[in-house]
Amino acid sequence: MKIKFTTGLLALAFALGSTAATATSHQAKERSSATVTVAGCLHNGTTTDVFVLTAKDGKGWDVSSKTVDISKHVGHTVSVTGTPVTTATTDGSAASATTRLDVSDLKMVSESCSQ
């Protein structure tokens, strides 16, 4: 009887632990299923594969892509389409979250930035 009860408690604890771990990983990185298009001026970022797009409304986006060569458009006004990914900082607060755009398409609007 004690073995069945102990086994049941262990199974319940495991199930609850798995659910908590899954919820935590989803908080750290949320990928939207909708694509967005943002136009603005493209700048170098802090790393070689992440760039900064300053939108016409002043909002900054970290942009990167595994399929589009973004680097040749630095200093240009571009229109990018992609999937937003929100990454929270280590404290998990939404106020300190960064929005990154996984770019799937890039169109050059102008060879210079008007901003």
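Here are legends for three close-up views of this predicted model.

Residues are numbered from 1 along each chain as its sequence is written, and side-chain values use heavy atoms, with hydrogens and water left out. Local features need pLDDT of at least 70 and side-chain atom pairs count only at pLDDT 80 or more, while totals for chains, interfaces and linings use all residues.

**View 1. Strand E3 and its two partners.** Strands here are DSSP runs of E, at least two residues, numbered from the N terminus, and two of them pair if DSSP finds at least two bridges between them. E3 (residues 50-55) runs antiparallel to E2 (residues 36-47) over 6 bridges, and 2 residues sit between them in the hairpin. E4 (residues 60-64) also pairs with E3 in the antiparallel sense, over 4 bridges. That hairpin has 4 residues between its strands, with Gly58 in the turn at a positive phi of about 95 degrees. Look for Val52: His43 stands opposite it, and so does Asp62 in E4.

**View 2. The two faces of E3.** Phe51, Leu53 and Ala55 point to one face and are buried (under 20% relative accessible area, 1.4 Å probe, protein chains only). Val50, Val52 and Thr54 point to the other face and are not buried.

**View 3. The Cys41–Cys113 disulfide.** The sulfurs sit 1.9 Å apart, where a disulfide is a pair of cysteine sulfur atoms within 2.5 Å. The link is right-handed, with 90 degrees about the S-S bond. It ties Cys41 in E2 to Cys113 in the segment after E6 (98-110), 72 residues apart. Cys41 is buried at 3% relative accessible area, whereas Cys113, at 22%, is partly exposed (from 20% to 50%).
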